[in-house]
Amino acid sequence: MKLRDLFDQCATAYDRDRPKLVPSFDELYGTAMRVIPFTGEARIHVLDLGAGTGLFGAMASKVLPAARLHLTDVSEAMLAQAKRRFASNPLVTYSLQEHSQLAAISEYDLVLSALSIHHLEDKDKRILFQKIYHALRPGGMFINVDQALAPSRIGEDQYERIWLEDAKANGISELALTQARERMREDKSALLSDQLMWLAEAGFDDVDCWYKRFRFVVYGGAKKQELRNEQP
């Protein structure tokens, strides 16, 4: 089954199950919101890559109510949920597209992504980071909530055990757990250190990881303001 089909089948239950499947949900997404470098009055343009039902985008919209928000995803069913969520918000637009279709044109002030980029092969992650850099206006920022690979097989087994214990303690249903495991077979997570390095190679400044709890991370970087030549 293709990845988009896997997400199509869980679209209606996604928002309900996400906090149970991501044990550090509040801290993870809360950290991402706290590092946004813009005020609520900012009339900026925000891109949410792999937006799904618009869960992450909705959080950003509360922090940045004056911002225009563009959501992209490969799952039509997930975007349908997002359109219901933002039905009364004229500042939100949508595109059914792959990450590879991101245009490298500087039009966004903030690029967000949550639990999506880890589905790409490493070479495609690096290409996407370059596109995100070029899609940002000077002074913009990229913030990614995602998963990272443990540095060893033992560590990865530990991550898996702790994730499973936490998800079950949160009351995740057997059906949701089965569907999550099926989606996780498509995961292509990379080491956090590699991802930070790829961001720096793409041109990002101030690259950092702001939060990490086992496999769940929040990291990103900024695109510096262009220097203007001062006239004597």
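In which hand does H7 pass H8? In this predicted model, the crossing of H7 with H8 turns out to be right-handed. The two axes come within 12 Å and cross at roughly 150 degrees. Angles over 145 degrees count as roughly antiparallel, so that is how H7 and H8 lie to each other. On the H7 side the contact is made by Glu160, Trp163, Leu164 and Lys168, and on the H8 side by Leu177, Arg181 and Met184. Sorted by class, this contact has four nonpolar and three charged residues, with no polar ones.

H7 itself covers residues 153–169, and its length works out as it should: at 1.5 Å a residue, its 17 residues should span 24 Å, and the end C-alpha atoms are indeed 24 Å apart, so the two agree. Quite a list of H7 residues is buried, namely Gly155, Glu156, Tyr159, Ile162, Trp163, Leu164, Asp166 and Ala167. Trp163 and Leu164 are thus buried and also take part in the contact with H8. As for what covers the buried residues of H7, the list includes two helices, H2 (14–21) and H8 (174–184), along with strands E6 (205–213) and E7 (216–222). Just after H7 comes Gly171, with a positive phi of about 85 degrees.

Another helix pair is H3 (residues 25–34) and H4. Here the axes come within 10 Å and cross at roughly 50 degrees. With parallel reserved for angles under 35 degrees and perpendicular for 65 to 115, H3 therefore ends up oblique to H4. The crossing of H3 and H4 is right-handed, and a right-handed crossing is also what H7 makes with H8. H3 brings Phe25, Tyr29, Ala32 and Met33 to the contact, where they meet Leu55, Phe56, Met59, Ala60 and Val63 of H4. The tally by class is nine nonpolar residues, no polar and no charged.

Val63 merits a closer look. This residue is found in H4, which runs over residues 55–63. Its relative accessibility is 31%, and since buried means under 20% and exposed over 50%, Val63 counts as partly exposed. Once neighbours within four places in sequence are set aside, Val63 is in contact with Met33 and Gly40; Met33 is one of the H3 residues in the contact with H4. Ala42 lies 21 residues from Val63 along the chain, and the C-alpha atoms of the pair are separated by 10.0 Å.

Methods. Residues are numbered from 1 along each chain as its sequence is written. This is a predicted model: local features need pLDDT of at least 70, side-chain atom pairs count only at pLDDT 80 or more; totals for chains, interfaces and linings use all residues. Side-chain values use heavy atoms; hydrogens and water are left out. Helices (H or I, at least four residues) and strands (E, at least two) are DSSP runs, numbered from the N terminus. The expected span of a helix is 1.5 Å times one less than its number of residues. Buried means under 20% relative accessible area, exposed over 50%, partly exposed in between (1.4 Å probe, protein chains only). Contact means heavy atoms within 4.5 Å. Axes are lines fitted to C-alpha atoms, for helices over the stretch in contact, and angles run from 0 to 180 degrees between N-to-C directions. A crossing is left-handed if the near helix is turned anticlockwise from the far one by less than a right angle, and right-handed if clockwise. Ala, Val, Leu, Ile, Met, Phe, Trp, Tyr, Cys and Pro count as nonpolar, Asp, Glu, Lys and Arg as charged, and the others, Gly among them, as polar.
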